[in-house]
Amino acid sequence: MRVAEPLWTVGEIAKAIRGEASQDGEAPVAGVSIDTRTLQPGECFVAIRGIALDGHEFVPAAFEAGAACAIVDRDYESSDPRLIRVADAFEALQDLGRAARDRTTRTRIIAVTGSAGKTGTKEALRLALAPSGKVHASAKSYNNHWGVPLTLANMPKDAAFGVFEAGMNHAGELTPLSRMIRPHIAIVTTVAPVHIGHFNSLAEIADAKAEIFEGLELGGAAILNKDNEFFDRLATAAKARNATIVSFGEAENSDFRLLHVSLTPEGSAVEADLRGKTHSYRLGAPGRHLVQNSLAVLAAAEAAGADIEAGAAALLQWRAQAGRGEWQVFEGAKGKVAVVDDAYNANPASMRAALETLGLVPREAYGRRIAVLGDMLELGESAEAFHRDLAKFIDEAGIDIVFASGELISALYDVLPEGKKGGYASEPGELVPRVLDAIRPGDIVMVKGSYGARLAPLVTELKRHLEDGALN
Ligand SMILES: Nc1ncnc2c1ncn2[C@@H]1O[C@H](COP(=O)(O)OP(=O)(O)OP(=O)(O)O)[C@@H](O)[C@H]1O
Ligand SMILES: [Mg+2]
């Protein structure tokens with residue numbers, strides 16, 4: 001029987017990171033891990049020093065979990081022959097990531113950045129590219145200075161496509177990530193006020209996103225949102241790298257243009273003009289913003305040489321994840337209630353998108369639209385205004401009742417018409433009984449706030465309530 005080629009050998013790793021290894025150089029390594037809780041037998045553990053924890057303390061646990069080897073700083077005290085010693089284990093992870101990128105000569109590499117929708121777009125790409133070849137993509141939101149090199153280090157040599165999420169909170173953070181990824185294709189989903197506390201203006205945020213082109217391979221493609229006010233600014237930056245610009249959006253002349261979207265029980269039905277040809281496809285998740293992202297996905301698929309018909313068909317499998325807009329329907333004798341769990345992340349752009357999506361839900365399916373909202377964090381001085389400004393979208397989307405919890409969101413709650421006020425509490429826990437009491441069969445309930453607004457437990461309680469016979 002032919003054994004599959006290992007991801008790395010110990011010798012290859014030692015060479016890539018200029019490390020000292022005493023193990024047999026031919027010893028196989030199945031993967032690279034920085035977390036002993038998820039490490040699989042045969043993987044290489046990299047001991048990284050974090051803010052709170054030092055990975056070196058977990059080296060024994062890594063070997064207990066079956067690690068094939070461990071990359072450690074030279075001063076780590078142990079005589080285990082499975083260690084690979086380097087000057088700095090964190091730099092070694094980056095070196096390994098670069099080596100992985102260098103050895104993939106046939107893989108088409110795609111980087112996804114933007115103020116919202118990176119993970120969703122990355123997951124959609126994973127689905128859309130799969131019919132055309134082997135896909136390697138970032139896990140979860142592994143988009144930072146350790147997530148990116150870790151994802152690179154785990155990329156198999158024979159992947160047809162590599163899909164990388166790249167994120168930033170500050171100017172200057174995307175440049176080194178992009179230079180490590182060296183994408184052939186870079187997507188900027190959107191530019192919006194997120195982490196604005198670290199920037200002086202939205203234009204500065206756009207410029208920080210444009211750093212994704214710093215590592216773009218010459219002659220690569222930049223996939224840009226034509227509906228966004230910073231399209232031209234991003235396009236100019238991309239052209240400086242000789243990139244081909246591919247536009248997507250609702251704007252006329254978009255290369256990948258949205259013509260029509262409607263919500264269906266299973267997600268969104270899309271009609272789009274893709275380079276002059278009309279296509280119809282369905283997404284397994286509802287929302288105009290996700291449809292927008294899907295256009296970027298198909299544009300990237302085309303630029304990567306993948307089959308876009310098959311890619312569009314695969315998007316029916318796309319689901320929003322828990323905490324990121326997942327829909328769950330609870331049914332009982334008295335009727336049904338839908339819960340939209342968007343409790344892990346919120347900023348003005350995604351809040352607006354979530355409210356608009358709620359507004360697209362047909363009244364025949366759900367008679368009453370309820371929003372349970374928490375604070376949007378990291379918005380700096382204008383935070384209050386960003387919260388208050390949501391009132392307009394609540395009105396436009398025909399939201400019937402709003403519950404709110406948190407200091408910042410009170411600025412919104414205060415300006416809502418009395419008839420829409422469902423309840424306010426400074427602590428989310430206090431809001432729970434009031435929300436549970438208000439829910440009726442036929443409602444759709446959307447829960448959204450920043451992770452720090454702590455609405456996730458409320459979602460859990462709401463779901464438990466609906467499962468435990470509230471509808472019978
Ligand atoms: N194009 C978009 N515009 C506005 N909101 C969007 C867009 N795409 C996705 N969202 C919403 O943004 C939220 C976060 O989505 P996702 O997790 O994909 O983003 P992300 O950029 O990976 O976030 P993070 O920075 O936390 O990794 C979800 O509520 C999602 O519905
Ligand atoms: Mg993410």
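Which protein donors does the magnesium ion, ligand 2, have? In this predicted model, they are Thr 119 through OG1, Ser 141 through OG and Glu 165 through OE, lying 2.0 to 2.2 Å from the ion. Along the sequence, these donor residues follow the spacing T-x21-S-x23-E.

Let us consider where two of these donors sit. Thr 119 belongs to helix α4, residues 118-129, whereas Ser 141 lies in the loop between β9, residues 135-137, and α5, residues 147-153. The two are 22 residues apart, and the pair links distant parts of the chain. Are they buried or exposed? Thr 119 has a relative accessible area of 14% and is therefore buried, given that buried means under 20%. Ser 141, with a relative accessible area of 28%, is partly exposed.

I turn next to helix α4 as a whole. Its 12 residues reach 16 Å from the first C-alpha to the last, close to the 16 Å expected at 1.5 Å a residue. The helix is mostly covered, with nine of its 12 residues buried. Among the buried residues of α4 are Lys 118, Thr 119, Thr 121, Lys 122 and Glu 123, as well as Leu 125 and Leu 129.

The second topic is ligand 1. How many residues surround ligand 1, and which are the closest? There are 17, and the closest are Lys 118, Thr 119, Arg 324, Asp 342 and Asn 345. Thr 119 thus appears twice in this talk: as a donor of the magnesium ion and among the closest residues to ligand 1. By character, the shell divides into three nonpolar, nine polar and five charged residues.

Some individual contacts can be named. Asn 293 places a polar side-chain atom 2.8 Å from a nitrogen atom of ligand 1. Arg 324 has a polar side-chain atom 2.7 Å from an oxygen atom of the ligand. For Asn 345, an N or O atom of the side chain is 2.8 Å from an oxygen atom of ligand 1. Taken alone, ligand 1 would expose 630 Å², and the protein buries 88% of that. The elements that contribute two or more residues to the shell are α4, α9 and α11, the last of these spanning residues 348-360.

Helix α9 deserves a closer look. Comprising residues 288-303, α9 has 16 residues and reaches 23 Å from its first C-alpha to its last, close to the 22 Å expected at 1.5 Å a residue. Of those 16 residues, 12 are buried, and the helix is described as mostly covered. The buried set includes Asn 293, already mentioned for its contact with ligand 1, together with Leu 290, Val 291, Leu 295 and Ala 301. After the helix comes Gly 305, whose phi is positive, near 80°.

Finally, I should like to show two loop residues. Thr 189 is found in the loop between β11, residues 185-188, and α7, residues 202-210. At 2% relative accessibility, Thr 189 counts as buried. A polar atom of the Thr 189 side chain lies 2.6 Å from the backbone oxygen of Ala 116.

Glu 217 occupies the loop between α7 and β12, residues 221-225. With a relative accessible area of 23%, Glu 217 is partly exposed. How far apart are Glu 217 and Ile 185 in sequence and in space? They are 32 residues apart in sequence, and their C-alpha atoms are 8.1 Å apart in space.

Notes
Residues are numbered from 1 along each chain as its sequence is written. Chains are lettered from A and ligands numbered from 1 in the order in which they are written. This is a predicted model: local features need pLDDT of at least 70, side-chain atom pairs count only at pLDDT 80 or more; totals for chains, interfaces and linings use all residues. Side-chain values use heavy atoms; hydrogens and water are left out. Donors are N, O and S atoms within 2.8 Å of the metal (3.2 Å for Na, K and Ca); water is not among the atoms, so sites may look incomplete. Helices (H or I, at least four residues) and strands (E, at least two) are DSSP runs, numbered from the N terminus. Buried means under 20% relative accessible area, exposed over 50%, partly exposed in between (1.4 Å probe, protein chains only). The expected span of a helix is 1.5 Å times one less than its number of residues. A residue is near a molecule or strand if one of its heavy atoms lies within 4 Å of it. A polar contact is a pair of N or O atoms within 3.5 Å; within protein, one must be able to donate a hydrogen and the other to accept it, and residues adjacent in sequence count only if both atoms are side-chain atoms. Accessible areas come from the Shrake-Rupley method with a 1.4 Å probe; for residues, only the protein chains shown count as cover. Ala, Val, Leu, Ile, Met, Phe, Trp, Tyr, Cys and Pro count as nonpolar, Asp, Glu, Lys and Arg as charged, and the others, Gly among them, as polar.
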